Amino acid sequence: MERSLQVATAALMIELVKADNEITAEEEKAIINALRNAFQLEQEALDQVVEAATAEATDAVSLYGFTRLINDHYSREQKETILESLWNIALADNSLDMHEDHLLKKLTGLLHIPNERSTYFRHKARQAAATNK
C-alpha cells in the first residue's frame, strides 16, 4: 500500500508540472527533492516511483483515483504536507501559470484541505522561491 501512496503522490506532482505544457529542470528537481524528503527513498526506489507515477498519470482519466487513495490513507497533516510540496514544485521556476494555479485549487478541494491553508502554502512557497532566485 505504501508504494501505491507514493505513486499517487508523485502522479499529482507530475500532473501539476505538465499543466502548463512546460516542464522545467527546476520543477523536475523539486519533484525529486519532495519525494525524497517525504518518503526517504533511495535513488533506485525513487526512480521506480517516478516511472510508475509517470505511466499512471499518462493513463489516468482523472485525478480522483489518486486523491481518493491519499484521502483514504493519509491524515490531514500528511495531505497538507503534499499540498505544500505541490505549491513549492509549482513555484520552483519562479512562475505560476494559470493552469497550475487552477489545478492547485482543484487539488485543494479534492484533498479536502481548507482554502486558507492552500493560501498559506502559496504565500510560503512564493517567499521561498523569491529567496532562491
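This passage describes the salt bridges of the structure and the surroundings of one acidic residue, Asp20.

The model is predicted, and for that reason local features are reported where pLDDT is at least 70 and side-chain atom pairs where pLDDT is 80 or more, while totals for chains, interfaces and linings use all residues. Residues are numbered from 1 along each chain as its sequence is written, and side-chain values rest on heavy atoms, with hydrogens and water left out.

A search of the whole structure identified six salt bridges, each defined as a side-chain nitrogen of Lys or Arg within 4 Å of a carboxyl oxygen of Asp or Glu. One of these joins Arg76 to Glu80, with the closest N and O atoms 2.9 Å apart. Both residues belong to helix α5 (residues 76-90), where a spacing of four residues separates them by about one helical turn; helices (H or I, at least four residues) and strands (E, at least two) are taken as DSSP runs, numbered from the N terminus. Arg76 is partly exposed, with a relative accessible area of 42%, whereas Glu80 is buried at 9%; buried denotes under 20% relative accessible area, exposed over 50%, and partly exposed the range in between, for a 1.4 Å probe and protein chains only.

Glu80 also forms a salt bridge with Arg117, in which the closest N and O atoms are 3.2 Å apart. Because Arg117 lies in helix α7 (residues 115-131) and Glu80 in helix α5, this pair ties together parts that are 37 residues apart in sequence. Arg117 is partly exposed, at 28% relative accessibility. A further salt bridge is formed between Glu84 and Lys124, whose closest N and O atoms are 2.8 Å apart. This pair likewise links distant parts of the chain, with Glu84 in helix α5 and Lys124 in helix α7, 40 residues apart. Lys124 is partly exposed, with a relative accessible area of 35%. Through shared partners, salt bridges join Arg76, Glu80 and Arg117 into one network.

Asp20, by contrast, is buried yet has no salt bridge. This residue is found in the loop between α1 (2-18) and α2 (25-39), and the nearest side chain of opposite charge, Lys18, is 11 Å away, where Lys and Arg count as positive and Asp and Glu as negative, with His and the chain ends not counted. When residues up to four places away in sequence are set aside, Asp20 touches Glu27, Asp97 and Glu100, contact being defined as heavy atoms within 4.5 Å.
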